[in-house]
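Colleague: I am new to this structure and would love a close look at one part of it, the enclosed spaces inside. Could you walk me through them, and then show me how the helices pack?

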Amino acid sequence: MRLSRRSLLATTTAAVAASAAPAVAAPGQGPGHGGGRTLRTGFERLAADGYALLDGRRVGVVTNPTGITRDVRHIVDVMHADGRVDLAAVFGPEHGFRGTAQAGGSEGRYDDPATGLPVYDTYLKSGQELADIFTASGVDTVVFDIQDAGARFYTYIWTLFDCMEAAQLAGLSFVVLDRPNPVTGRAALGPVLHKEFATFVGRQPISQAHGMTVAELALLFNEEFLTAPVALETVRMSGWKRSDFYDASGMPWVPPSPNMPTPETALVYSGTCLFEGTNLSEGRGTTRPFELLGAEGVDGRWAAAANELGLAGVRFREAYFAPTFSKFQGKTIGGVQLHVHDREAFDPVRTGIGLLITAKRSWSGFAWRQDNWIDKLTGSTQVRTMIDAGADTDEVVGGWQQELAAFRRKRRNHLLYR
């Protein structure tokens, strides 16, 4: 089905998404592992429909190395080679379009050697500054296609928010091509951000593990948080269920950032990233970031204390490792490695809280980062102050349940999948 731009803008986002469904699979698609279902990403559905949604538009794409097809071609390369798409620009987030930069870095402005397309840097840009970049690029439609990791402090969802806001300011249309939440969309977990703690690791009051896809987040942002809504369209997936982990997709995993090497990393990340707010290593500089945690002077008492908590779906092993960069670079340190044995039962945020509490109790050297970064990660002072006051895991987790329940009700209005 081909739709005119005018008719698309007149419909609701959900109706537009449904109209993008292809009759056949896009080239290179294969079966997933979801009980006989074949997942099709938003891009696959867009391509199978002959890019009808982008007909007559001058397009810029916000993406990174995760914007791939099932046969690991990048969508920018695919669209650039297809005469049905007027692709005029690429916009790179943190780590860059081609992924050459480490955490806290980007690639800057350059021309992509493979396509000749101008690549603009969006990292740490927002509001009118970012709107001016969109205007200078000459596009009339911004397309977003990046694999998320499912946590509030993973910055790509705030790149999404900032780009939506900037597109509205510039008078542009915005299209989101959906991809799976790699750790399922079953539930929202953890504390909800308080607006006074808003940063690039959390712009708006959502929960620490949001349990949403990027298209669902776009709907939430547009209807709940943007000062004025952007002309938003989504191309949803087919064949995805909220209970699916990433391996059900049949899609290859491309690290969305240098320290997110596997889907197993994403599984624990929404809890163990909290160690960025402490003086312990969160495992950066190892082959198991966010699964290995530790510091000088930590010994087997931490793993023993963590195992005594009886946290569902996970066990802890005493571990020693030497990070090649970041905290404790080149030093052998002690700590724990998480081993998730039942991912259905595993609660990453409760686990992260339990690990913070047991680290503080079992290691005398424990300290929060002096800038109280933990408050930015958790979204308020509550977690830090409760742990400092001696609260146990159940008490800390109980402290955010009322706000979480309110967010879950709001979230429910924007879910696209069962």
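Modeller: Happy to! In this predicted model, the second largest cavity has a volume of about 40 Å³. Eight names are worth finding on your screen, since the lining of this second largest cavity is made by Thr-66, Ile-68, Gln-147, Arg-179, Tyr-246, Met-251, Pro-252 and Val-254. Sorted by class, that lining holds five nonpolar residues, two polar ones and one charged one. How many cavities of 30 Å³ or more does a search of the whole structure find? The search gives two. As background, empty space left between atoms shows up when a probe the size of a water molecule is rolled over them.

Now turn to the largest pocket, which holds about 320 Å³ of space. Its lining is made of 22 residues, and those nearest the centre of the pocket are Glu-94, Ala-103, Thr-155, Tyr-269 and Arg-284. In the lining of this largest pocket, 14 residues are nonpolar, five are polar and three are charged.

From the spaces, let us move to the helices. A good place to start is α6, residues 156-170, whose axis comes within 8 Å of the axis of α5, residues 127-137. The two axes cross at roughly 65 degrees, so α5 and α6 are roughly perpendicular to each other. Their crossing is right-handed. On the α5 side, the residues that meet α6 are Gly-127, Gln-128, Leu-130, Ala-131, Phe-134 and Thr-135. Across from them, α6 brings Asp-162, Cys-163, Glu-165, Ala-166, Ala-167, Leu-169 and Ala-170. The contact of α5 with α6 counts eight nonpolar, three polar and two charged residues.

Helix α6 also packs with α7, which covers residues 214-225. Here the axes come within 10 Å and cross at roughly 45 degrees, which means that α6 is oblique to α7. The crossing of α6 and α7 is right-handed. Which residues of α6 meet α7? They are Ile-157, Trp-158, Leu-160, Phe-161 and Met-164, and they meet Val-214, Leu-217, Ala-218, Phe-221, Asn-222 and Phe-225 of α7. By class, this contact of α6 with α7 has 10 nonpolar residues, one polar residue and no charged ones.

One more pair is worth a look further along the chain. Helix α9 (residues 300-308) packs with helix α10 (residues 348-362) at an angle of about 135 degrees, and their axes are 9 Å apart. Angles over 145 degrees would count as roughly antiparallel, so α9 and α10 are described as oblique to each other. The crossing of α9 and α10 is right-handed. From α9 the contact takes Arg-301, Trp-302, Ala-305 and Ala-306, while α10 supplies Leu-355, Thr-358, Ala-359 and Ser-362. The contact of α9 with α10 divides into five nonpolar, two polar and one charged.

How values were computed: Residues numbered from 1 in each chain as written. Predicted model: local features only at pLDDT ≥ 70, side-chain atom pairs only at ≥ 80, totals over all residues. Heavy atoms only, no water. Axes fitted to C-alpha atoms, helices over the stretch in contact; angles between N-to-C directions. Helix = DSSP H or I, 4+ residues; strand = E, 2+ residues; numbered from the N terminus. Parallel < 35°, antiparallel > 145°, perpendicular 65-115°, else oblique. Left-handed = near helix turned anticlockwise from the far one by under 90°. Contact = heavy atoms within 4.5 Å. Nonpolar A, V, L, I, M, F, W, Y, C, P; charged D, E, K, R; others polar. 1 Å grid on protein atoms, 1.4 Å probe; cavity = no way out; pocket = protein on both sides within 12 Å on 5 of 7 lines; lining within 4 Å. Points joined across faces, edges and corners; volume = space filled by probe spheres on them.
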